[in-house]
Amino acid sequence: MRGAESPVDEKEKQGGDIDQQTTPEDELEGETVHIKVFRYDPEVEGKQEPRFDDFHVPFEKGMTVLDAVMYARDTYDSSLTFRHSCRQAVCGSDAFFVNGKQRLGCKTQIADLEQPIRIEPLPHQEVVKDLVVDMDHFYDQMHTVEPYFQDEDTPNPADLEEQRQSPENREKIKMSSRCIWCGACMSSCNIAAGDNDYLGPAAINKAYKFAMDDREGEEIKEHRLRILEQEHGVWRCQTQFSCTEVCPKDIPLTEHIQELKREAVKKNLKFW
Amino acid sequence: MYEHDVIVVGAGGAGLRAAIAAHEAGSDVAIVSKLHPVRSHTGAAEGGINAALQEGDDWELHAYDTMKGSDYLGDAPAVETLAQDAPEDTMRLEHWGMPFSREEDGRVSQRPFGGLSYPRTTYAGAETGHHLLHTMYEQVVKRGIQVYDEWYVMELATSDEDEPNDRSCHGVVAYDVQSGNVEGFKANDGVILATGGPGQAFDHTTNAVSCTGDGHAMAYRAGAPLEDMEFIQFHPTSLPSTGVLISEGVRGEGGILYNSEGERFMFEHGYANNSGELASRDVVARAELTEVNEGRGVDDEYVHLDMRHLGEERILDRLENILHLAEDFEGVDGLVEPMPVKPGQHYAMGGIEVDENGQTCVDGLYAAGECACVSVHGGNRLGGNALPELIVFGKRAGRHAAGEDLGEPQIRTGYGDDVEDETETELPVQPGDAGLDTSSGVAADGGVAADAQGIVERKVEQARTRVDTLMDRDDGVQHAEIRQKLQNAMTDYVNVFRTEEGVKKALRIIRECREEYQNVYVDDPSRTFNTDLQQTIETRNLIDVAETIALGALVRDEFRGAHWRKEHQERKDDEWLKHTLISWNDGQPDIFYRPVILEGQDKTYEPKERSY
Amino acid sequence: MAERYSSFAPGGTAWLLQRITAAFLVVVLAFHFFLLHFVNHAAEIEFAGTQARMENVGYFLTMVLFLVAGTFHGVNGVYNALINQGLDGTQKKVVLAVLVIASLALIAQGIYVATTMAGWT
Amino acid sequence: MSQSYNRGLIEDFGRWKEFSAGMWAWIFHKFTGWMLIGYLFTHIAVLSSSLTGPEAYTNTIGGLESLFIVRVLEVGLLAVAVFHILNGLRLLMVDLGVGLEAQDKSFYASLVLTAIITVASVPTFLDGVTL
Ligand SMILES: Cc1cc2nc3c(=O)[nH]c(=O)nc-3n(C[C@H](O)[C@H](O)[C@H](O)COP(=O)(O)OP(=O)(O)OC[C@H]3O[C@@H](n4cnc5c(N)ncnc54)[C@H](O)[C@@H]3O)c2cc1C
Ligand code: HEM
Ligand code: SF4
Ligand code: F3S
Ligand code: FES
């Protein structure tokens, strides 16, 4: 496919104004996929104003959105920029806004989408370049909930003695522990978009994982609830459910947030 | 210039563990990683962590299994260290809150895995690596360890004495992916490479796009030899279209392999009459390819892995994410149909030569994890033995770099009086430097080695020039083309089945790639998040690494572990109980050998026939 | 790294009250609507009728509680909506003050009106 | 406010098309809530006419009720209140963790029920008023 050098590449180098970059459809044999990819680069003339580029890539069975953008990059335009690594939905790098929904590129089958497929960076986050967004705020929120196991009197590892945990309890935190930090949920939440201090569904879910883990003990659970029930914590959630709908790991985020609200209320009632 | 006591390059399981250990030893440690830690490929590991935790089990059994699995190419001191330390280090993970799967009595579960004499693979669902990675990252956050994420390490800042054994490493040069700035990182006490595997040297791999062997290549060019690179593990069960891995856990739980004729070929065709599907990986991978080559493959490409008979409940309980993988990446429902699988590049047993403390022959340069070769895996890694390696040797490297005394290592490194030079094999082409590329291993300027600061500064200058050269060039070839050519050559000729002619062909193609690379250019003119630039640099590293794999595969004329040679169908213990070492030698690679250490603490591991 | 949250102002009370008032409002609002639009048509409302109802202490108290609950629920809802949009700092304090004053005024006025209606002034 | 790179038209328009049930429910609930509290203030103001005297009260109410537009607004208010109540009940269920899987269906049900109740009450509300 190397021969299919896109003619617009040339124009781009001249920094000409291009709204539509098109790879010639007719040069490709067989079924093709039409993708429209958001482009932006603060440094490159012609890309400082966001635009959409069109690419036509050959379709293959089982092809994912990530495959399509990788093909477009490797074949037509090596400056097309996006994060990706594992190709198997565990690294959480490639959450994009695909046809109006936050999805993992590597986990989204082309065959399930309507064409042309619009691929944009995650909304509500600053765009660094093309499909790459600034994740710092997301990481900050994750760090805010003290995302680490806290238990002062664990056994000595040398004794090979584990902390006991019932299979039921492990089952309870199972879903919450699957989060891959992709940021899709945060991007989909209107509240997080409006309120920068809102912890956001992913961070709350992270806290849920620890708060519900019986190994941590009551005192630390209370400490965790106190972090969660500050003003920009769980109460900000307006149960919009969009986080739950987009989570590629099928984590029932809204359910977890609601459970924490109830836990917090219960805890406060005890003092009355 | 940034400055820390210990700099850890890479934030996968090995890097994080090393950083925590160095921090606990009181060091000012920082992690520099091209990916945010939680994006590291350790997160993809599914099956589990081998550790002799239970009463009926014993570290000696673990060591024995590992030695046997390695086809007697593992070094006993390393293997025994792994088996002895794994239980405690695994327990520590539990104490850090890692959500292991549990038994009714609340204890952590263990399951059987290929090549193990006892079910000692400790697991957390089918997402053990994910939990391991996140649990350790959580500990890094807890300790407030500095992480420079999305910083790409380009080169090591190593002094330029003639003999690698006399050299010392003083830091690294990295560029900030977001801004494109090239900066120096000075390390007062040590640099630990934990950059993971080189899977991208192959076309069909279970490894991530980021597994480009950067650490291998950087250490190699700085003078540390690469060891046993020819030993590449091909996992028998990867999905044909993407290379996504279907965990060995499926077979551990009782999954069965069928050929197109519906035969359970592992038994019916006699590949492994005792262990069947649970024979070691190389055996199963070869069996599958033999089935396909003999016309009993499905669609002439793959075989079937069936787990339906395990029942929905058990599958959902233990292997749920396998169902998702098969569905999302292959469009197959594992509850109602068998899953297509074929061998895919999976793991590199070889790597940067280090001792039990993780140190290379270059002073202050350490390596841990998949990029290192201690060597515990020898000719073939057992499933579930990589994750314990990360935590055991990651921890040791971190502590040693931070100045803790871990005792004299028994394993020797670098060129020395105990090695034997390669003399016999004729190479089809001259490997090594092709001349024009401005990336060299050491901070050479012909003069006397400068002080640490000066060395780092000089390397930063070199790196800036290199980036400018790549960016300024306006045409030539693009890295993607070279990379594809390289990957195809490796998959075609240095795969599961290797022939002398094939490997030679691969070496010629690698040479071509090297020459083409002299004209490589970066099309993207932007300094911001330039992945084109990053991948171009990675491709250079892949060329170096692929070449060592092919060289090793050519010189080792025997069949051991994962290394199969058509012309040499037997294991030659008289001749080959030794490691292959390849040293960059400032651009003129040298091959030499170091004997395997089979003497353990209180027993010697006698090579036995490996049968399953 | 983000600063850790230090002020532990539990927002749970307001949240819970919002739910409790909501539950209460469902009942009285339905009652109110039904009474004044279906049983008695709004157009036929006369002071006499209103007074007759208000004189009943139970009704009076219900209406006052209705008012208080409705005001709290509505004003707290508005306040929350604003915080959800990122209202912060001095602005937040000012808005809170304004809302509290408005609510108190509304409740005071409402109770005054109701007592007048009942003819107790 | 969140920082987001100005994506021009892309960001400004079209997003609403991508809203899901939960988001619509949130918007509607907000909208109806604000209407209701607005109404509460107006309502007390109107009732305050009773402070001037019984006649003023009766006349004000009667006067208002004779206006067609007021009747229409009342129907609107009913719709708003009914939706807020029904969706409020839905939210209370969600808070209790009941029927989370059906949250979108219950939203649609609230809408439909609101429409039915509103239409059904039109005759009562418009009874005896002329244009
Ligand atoms: C699909 C799969 C399943 C597996 N399952 C198992 C299993 O069940 N049990 C088991 O024991 N083993 C398993 N393995 C093997 C094991 O997971 C890996 O060997 C191990 O995770 C490697 O860890 P690491 O820390 O060495 O490297 P990685 O986790 O790959 O991390 C490498 C790190 O280095 C960084 N890095 C790389 N290059 C640079 C650079 N130039 N500059 C800066 N940073 C850089 C990356 O950002 C990353 O953070 C599996 C492997 C795969 C691929
Ligand atoms: C009759 C039964 C009522 C029920 C069941 C009800 C329920 C609710 C609930 C549960 C919320 C909280 C939404 C959230 O925080 O997630 C809410 C918000 C609100 N309610 Fe009500 N309510 C009722 C009546 C009223 C009345 C009478 C008023 C007006 C006085 C009112 C005004 C509001 C306002 C302004 C909000 C905030 C909306 C926003 O988010 O912007 N409600 N209601
Ligand atoms: S909760 Fe789900 S959507 Fe949110 S970051 Fe985690 S995996 Fe992504
Ligand atoms: S989308 Fe936002 S409002 Fe709550 S349910 Fe999810 S966090
Ligand atoms: S590439 Fe890792 S999640 Fe998609």
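Start by selecting D:H84 in this predicted model: with 12% relative accessibility, D:H84 counts as buried, because anything under 20% falls in that class. Now add C:H73, which is buried too, at 14% relative accessibility.

What do these two residues hold? Show ligand 2 and pick its iron atom: C:H73 and D:H84 are its protein donors, each through NE2, lying 2.0 Å from the metal. Colour by chain next. C:H73 sits in helix α3 of chain C (residues 57-84) and D:H84 in helix α4 of chain D (residues 68-95), so the pair joins two chains.

Stay on the iron atom and turn on angle labels. Its 6 donor atoms subtend angles of 80 to 180°, and therefore the arrangement is octahedral. For reference, the ideal values for six octahedral donors are 90 or 180 degrees.

Next, follow chain D. An unreviewed UniProt entry lists residues 21-46, 66-86 and 107-126 of chain D under "transmembrane region". Select residues 21-46 of chain D: the span is 100% helix, and its end C-alpha atoms lie 37 Å apart. Then jump to residues 107-126 of chain D, also 100% helix, where the end C-alpha atoms are 28 Å apart.

Finish in chain B, with a switch from helices to strands. Here 3 strands form an open antiparallel sheet in the order β3-β5-β4. The edges are β3 (49-50) and β4 (110-111) of chain B, each pairing on one side only. Zoom in on β4(B) and β5 (residues 121-122) of chain B, which run antiparallel and are joined by 2 bridges. As a last selection, take B:R111 and look across to B:T121 in β5(B), which stands opposite.

Key. Residues are numbered from 1 along each chain as its sequence is written. Chains are lettered from A and ligands numbered from 1 in the order in which they are written. This is a predicted model: local features need pLDDT of at least 70, side-chain atom pairs count only at pLDDT 80 or more; totals for chains, interfaces and linings use all residues. Side-chain values use heavy atoms; hydrogens and water are left out. UniProt positions are given in the numbering used here, feature names are shortened, and annotations may be inferred rather than shown by experiment. Helices (H or I, at least four residues) and strands (E, at least two) are DSSP runs, numbered from the N terminus. Donors are N, O and S atoms within 2.8 Å of the metal (3.2 Å for Na, K and Ca); water is not among the atoms, so sites may look incomplete. Four donors count as tetrahedral if all angles lie between 85 and 135 degrees; four count as square planar and six as octahedral if opposite donors are over 155 degrees apart and all others between 65 and 115; anything else is irregular. Buried means under 20% relative accessible area, exposed over 50%, partly exposed in between (1.4 Å probe, protein chains only). Two strands pair if DSSP finds at least two bridges between them.
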